[in-house]
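I opened my notebook on this one to follow how the pieces pack together. Here is what I looked up, entry by entry.

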Amino acid sequence: MRVEIWSDIACPWCYIGKARFEAGLAAFAHRDGVEVVHRSFELDPKAPVATDVPVIDMLATKYGVSREQAEVMEARVAEAAVGEGLDYRSDRVHGNTFEMHRLLHLGRAHGVQEVLLDAFYRANFAEARRLGDPVVLQEIAVGAGLPAGEVARVLADPEAYAREVRAEEQAAAELGATGVPFFVIDRRYGISGGQPAEVFQEALERAYADGDGEPQPAEEAGAAPACGADACAVPGK
């Protein structure tokens, strides 16, 4: 059984959803037979690479609310993260994530993709590091086990793994994803949003029991709206 997870490092519900999925997977009796593949998805591909825009200000602008309302929205997400045992800071900045997705493809080639993804999540949400800085990205990637020379090569070449990132984003669109996190089991069942662990466990059990059943739409296993509930939607969707 293969589970593909489309996510973005800037998405708090992807951070939370990964923890919830892992809890659901841990409770699945056939977990040893599950292959997990992480796929690229950019929530805001037009965001500047280097930015000093606080995430609260970005949320206020994106959703057309006051800064105070954005703080309330962010506090709810923070509460959900802490509830999953995750460290979470709201003083981080918002920026483009394309470089990180390219590095995650390099990580996949070296068998450390998930280690690197966790490191990026931790750097963003727990440490509020400036991930638009290539020096910071280099440090994180090497710390996750990637060769320093290859990391530097990818960061210096804007075309390195760019096609792979775009292809995965196109695949998500073809599968009907309008936001993340988006989980697809054997290209048959889709789960949208950072659902409770029990939802993931039930979806895995259903997919296992159904075997080679017909493909099902994302809504079949539970769907979720935009940030503020348990998923992050693409701007303009």
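**Entry 1, the main core.** I started inside this predicted model. The largest nonpolar core has 46 residues, and those touching the most other members are Trp6, Ile9, Leu103, Leu116, Phe120, Leu131 and Ile140. I then asked which elements supply at least two residues each. They are α1, α3 (67-83), α4 (98-109), α5 (113-126), α6 (134-143), α7 (148-156), α8 (162-174) and β4 (182-185). The largest share comes from α5, with eight residues.

**Entry 2, one residue up close.** I picked Leu103 and set aside its neighbours within four places in sequence. Leu103 is in contact with Leu116, Phe120, Leu137, Ala141, Leu146, Val151, Val154 and Leu155.

**Entry 3, a second core.** Apart from the largest core I found another, of 14 residues. Val3, Phe21, Phe183 and Ala207 are among them.

**Entry 4, the sheet.** Next I traced the strands. Four of them form an open sheet in the order β2-β1-β4-β5, and the pairing is mixed. Why is one side of β2 and of β5 (189-192) left without a neighbour in the sheet? Both strands stand at the edges and have a single partner strand each, so nothing in the sheet pairs with that side. From one strand to the next, the twist averages 20°.

**Entry 5, strand pairs.** I checked two pairings in turn. Strand β1 (residues 2-7) runs parallel to strand β2 (residues 35-40), and six bridges join them. Within this pair, Glu4 stands opposite Val37 in β2. Helix α1 (residues 12-26) belongs with these two strands: β1, α1 and β2 make a right-handed β-α-β unit. On the other pairing, β4 and β5 run antiparallel, joined by four bridges. There I found Ile185 with Tyr189 in β5 as its bridge partner.

**Entry 6, helices on the sheet.** I looked at what lies over the strands. Helix α8 lies across β1 and β2, and runs at about 100° to β2. Helix α9 (residues 197-210) also packs on the sheet, where α9 touches β1, β4 and β5. The direction of α9 makes about 175° with that of β5.

**Entry 7, a helix pair.** Last, I took helix α2 (residues 55-63) against α3. They pack at an angle of about 110°, with their axes 8 Å apart. That angle makes α2 roughly perpendicular to α3. Which residues meet here? From α2 I noted Val55, Ile56, Asp57, Leu59, Ala60 and Tyr63, and from α3 Arg67, Ala70, Glu71, Met73 and Glu74.

Definitions and conventions: Residues numbered from 1 in each chain as written. Predicted model: local features only at pLDDT ≥ 70, side-chain atom pairs only at ≥ 80, totals over all residues. Heavy atoms only, no water. Pairing = 2+ DSSP bridges. Right-handed = clockwise from strand over helix to strand, strands pointing away. Core = buried A, V, L, I, M, F, W, Y, C linked by side-chain atoms within 4.5 Å. Buried < 20%, exposed > 50% of the residue type's maximum accessible area, 1.4 Å probe, protein only. Contact = heavy atoms within 4.5 Å. Axes fitted to C-alpha atoms, helices over the stretch in contact; angles between N-to-C directions. Parallel < 35°, antiparallel > 145°, perpendicular 65-115°, else oblique.
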